[in-house]
Amino acid sequence: MDTFSCSIAITGASAITVAGTGLEPLLAALKEGRSCLQPVPEDMRADGQGLLWGRAEQFKAADFMPPLKARKLDRCSQFAVATTGQALREAGIDKGAIPAERIGIALGCGFGGIANSAEFLTGYFKQGVAGLSPVLFPNTVANAPASNASIEYGFKGPNITFVQRFCSAESAILAACRFIEEGRADVMLAGGVDELTSLMMKGFAALGQVHSYASGFGEGCGILVLEREEHAVARGAAIKARIGRIATLGLLLPNAEQAGIDRLLPAQRSFDQVSFSGAGAGIDLLAGKIGAQTVLRTGQVVGQSLAMGGVALGALSRLLRPGQSGLHLAASPEGPYFSFSLHGDTPA
Amino acid sequence: MTATRIVITGMGVFCGAAQSIPDFRTAVLQGKSGVGPVDLFDVADFPSKIAVQVKGYDPAAHFTRRQVTRLSRTDQFALLAAQEALTMSGLAGCYDPYDIGVCVGGGAAGMFQAEQWLAADLRGERSRPAQLRGVLPDKTCTELALAYRLAGYQGSITTACSSSASAIGWGADLIRSGRQKAMLCGGADSLALLTFAGFNSLKVMDPEPCAPFSLGRQGITLGEGAAFVVLEEEQAARARGADIIGYLLGYALVGEAHHMTAPEPSGESAARVMTAALAAAGLDTGRVGWVNAHGTGTPANDVVESNAMKQVFGERVQQVPLVSTKPITGHCLGAAGSVEAVATLLALNAKTIPRTLHFRGRDPECDLDYCHDASKPSDCSIALSNSFAFGGNITSLALAAADLQQGGA
């Protein structure tokens, strides 16, 4: 079943991107059709001219947390802690208002932990055991952002981190919806977080990917507040949108592509607003099957990454007007593929 | 309405302790540890120089030269373990490929190769870009999907040491919710300088083979490998004539919200995840015969887990052994949860509670039955398998033997 036995409401969303803090700067850029991507600094280009990236230079961790705490967190954890706080605020959830065991977090995390891993190892390669910094090691794990956010806000419900190519955030949001459906949690924070470093650019260049998958890479975080509709109504929350259906496939098999597409896409193929996220030929293939009045390509505005689906879904949920239908499609070069059906809130 | 029950129809393992299910059964039941010196990279400067490494591993014995270039050590372990699990299940051709998914718990993934690229780069030497390809764990998942034509769900869970236990639980969820008919679930990880140096830098590596729940224990012994299970809905599996080799009755995963590296000291969170796994399985505590502990051998973990057992099992706690199979396998990090789930299933089916090896003396703070002296016979068909991780990501699986249907306790 691709649908849920309960209605799952989006009651909050926030983002940190190259466009700025919160969803508003991103929405403004989308409306204006203005790319916020910047030239990759010359010393990091490694592989040619004209490269753009979406590094969230405006983000200052100290705006969201004490400097001492900020220093202990890796960049992805800083993004996650800051964005979670904003999303909770928008959903009208004060810290401690939801029983700790009933609120959880599910994040997609792409390259989180890699920067700390490289710095930790560099210390060793340059100075041997004396160069090892134990402070760096705990934040080499990809679950650090979700865990640091859970520690900051006291989430003791389900806590999980995914990585699956350009669909890492979508993977996490699917799990969060299922946890709500099963009753494992009343509220889930869900989305994705990713960072962009000079080492990554070097790696992309080494792999010959700067002009393909890694072209216009971005960083940041996009998080939704999800809850069972009855729970949202009971606490008087404003519902921004509802998630009706999530379908996913790992591969589109040769000679069975249409069967896969039919499973992935809903029967309805025309929507008020459609959002695309990810990379590879799969996106164009799927786009050709869908009709839409408005198309959102957040990746072109703030950059794509492995976990920017949370940003795209946040934008879509905010832009859907009451009664409108929305679709979010995500794809990766070798799969997976995701399809989310959303509905704008229908006033009672 | 009858709740959908998830059965296990295939298992595979390729790790430092054993490279097949039959050999792993022997290792688990007879208590044969794979701990030895590490020769995968230079460990001379570290206090701990041992691990349960996959020794004498020759990729060319299993893969073509092109595959060896493309696949990380972790990918290779995963493909080998998954092949055994899929063959055992007899799944091929039974379902539409879009109905079969794969979920992998990852850890260091291809870091062993990537750190060689970094070292060469820092020395100003020419480095091989292919060494970077598997740096994220999702590549292992994609390789499995492509190799075995599993076109359904594809996802990788990265919650450090609980990754693969969560992958098994989440895979079951995908079947229970009707999204998939079968799932290949498990985990894979290889030794890497990053983790070896990292845990040494935190001073949680025991120079001697890890001794969970023992007096004087100093920490973990790392391991490596992969383990996978094939999950299906019970009626569908029986309808196709599959052999049922066990059950995943339920699982739970929660966050401790306490500290990035230290466990929540009261054991409340660890107790909560075990209780939630039992609730998800519809079991009361009296049905559980024993618990395969996270049991790392760190001073903190073992006390917390022992205290949690008391909160869960109350007066019955001394009748529910808490054992660790990590002295046999080493701590396989991203693969630990699945390696231990397979060990638990093998022991449940053999009606044996495994021994916790390397006993050094009784710790007054660890005052439960850990089967330190010997393995024990057990009529019980149900056990929990715990996996705890950095960040307070903790998971517990409720597993049952194949004889559950025939009235196993």
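In β6(B), M183(B) is the bridge partner of G101(B). This pair belongs to a predicted model, and the report starts from the strand that carries G101(B).

**The strand β4(B)**

β4(B) and β6(B) are paired in the parallel sense, over seven bridges. β4(B) also pairs with strand β5 (residues 154-157) of chain B, again in the parallel sense, over four bridges. Within that second pairing, G155(B) in β5(B) stands opposite C103(B).

In a regular strand, side chains alternate between the two faces of the sheet. For β4(B), both faces are covered. One side presents I100(B), V102(B), V104(B) and G106(B), and the other presents G101(B), C103(B) and G105(B), all of them buried. Because seven of the seven residues of β4(B) are buried, the strand is largely enclosed by the rest of the structure.

**Two domains in chain B**

The domain assignment divides chain B into domain 1 (6-239) and domain 2 (250-401). The C-alpha centres of these two domains of chain B lie 21 Å apart. Their contact draws 63 residues from domain 1 of chain B and 57 residues from domain 2 of chain B.

On the side of domain 1 of chain B that touches domain 2 of chain B, the elements giving two or more residues include β1 (6-15), α1 (21-30), β4 (100-106), α6 (163-176) and β6 (182-189) of chain B. The largest share of this side, eight residues, comes from α6(B). By class, the side of domain 1 of chain B that touches domain 2 of chain B holds 35 nonpolar, 22 polar and six charged residues.

**Contact between the chains**

Chain B places 56 residues in contact with 58 residues of chain A. Several elements of chain B give two or more residues to the side that touches chain A, namely β4, α4 (111-122), α5 (138-148), β5, α6, α7 (193-201) and β9 (246-255). That side of chain B divides into 30 nonpolar, 20 polar and six charged residues.

One residue of chain A shows this contact in detail. I151(A) is placed in helix α5 (residues 144-153) of chain A. Leaving aside neighbours within four places in sequence, I151(A) is in contact with A257(B), H258(B) and H259(B). I151(A) counts as partly exposed, because 19 other C-beta atoms lie within 10 Å and a residue is buried if 20 or more do so. From C-alpha to C-alpha, I151(A) and A214(A) are 32 Å apart in space, and they are 63 residues apart in sequence.

**Backbone features in loops**

A257(B), one of the contacts of I151(A), has a positive phi although it is not a glycine. R165(A) likewise has a positive phi and is a residue other than glycine. The table sets out the two residues.

| Residue | Phi | Loop | C-beta atoms within 10 Å |
|---|---|---|---|
| A257(B) | about 50° | between β9 and α9 (268-281) of chain B | 25, buried |
| R165(A) | near 55° | between β6 (159-162) and α6 (168-182) of chain A | 29, buried |

A further backbone feature is found in chain A, where the peptide bond from G335(A) to P336(A) is cis, with omega near 5°. P336(A) is located in the loop between β13 (325-331) and β14 (337-344) of chain A.

**A three-stranded sheet in each chain**

In chain A, three strands form an open sheet in the order β3-β4-β8, with mixed pairing. β3 (38-39) and β8 (217-218) of chain A stand at the edges and have a single partner strand each, so one side of each is left without a neighbour in the sheet. Strand β4 (residues 52-54) of chain A pairs with β8(A) in the parallel sense over two bridges. The bridge partner of W53(A) in β8(A) is F217(A).

In chain B, an open sheet of three strands has the order β2-β3-β7, and the pairing is mixed. The edges are occupied by β2 (36-37) and β7 of chain B; each has a single partner strand, so one side of each lacks a neighbour in the sheet. The pairing of β2(B) with β3(B) is antiparallel and runs over two bridges. In β3(B), A51(B) stands opposite G36(B).

How values were computed. Residues are numbered from 1 along each chain as its sequence is written. Chains are lettered from A and ligands numbered from 1 in the order in which they are written. This is a predicted model: local features need pLDDT of at least 70, side-chain atom pairs count only at pLDDT 80 or more; totals for chains, interfaces and linings use all residues. Domain bounds come from an automatic or database domain assignment. Two residues are in contact if their C-beta atoms, placed from the backbone, lie within 7 Å. Ala, Val, Leu, Ile, Met, Phe, Trp, Tyr, Cys and Pro count as nonpolar, Asp, Glu, Lys and Arg as charged, and the others, Gly among them, as polar. A residue is buried if 20 or more other C-beta atoms lie within 10 Å of its own, exposed if 12 or fewer, and partly exposed in between; C-beta atoms are placed from the backbone. Two strands pair if DSSP finds at least two bridges between them.
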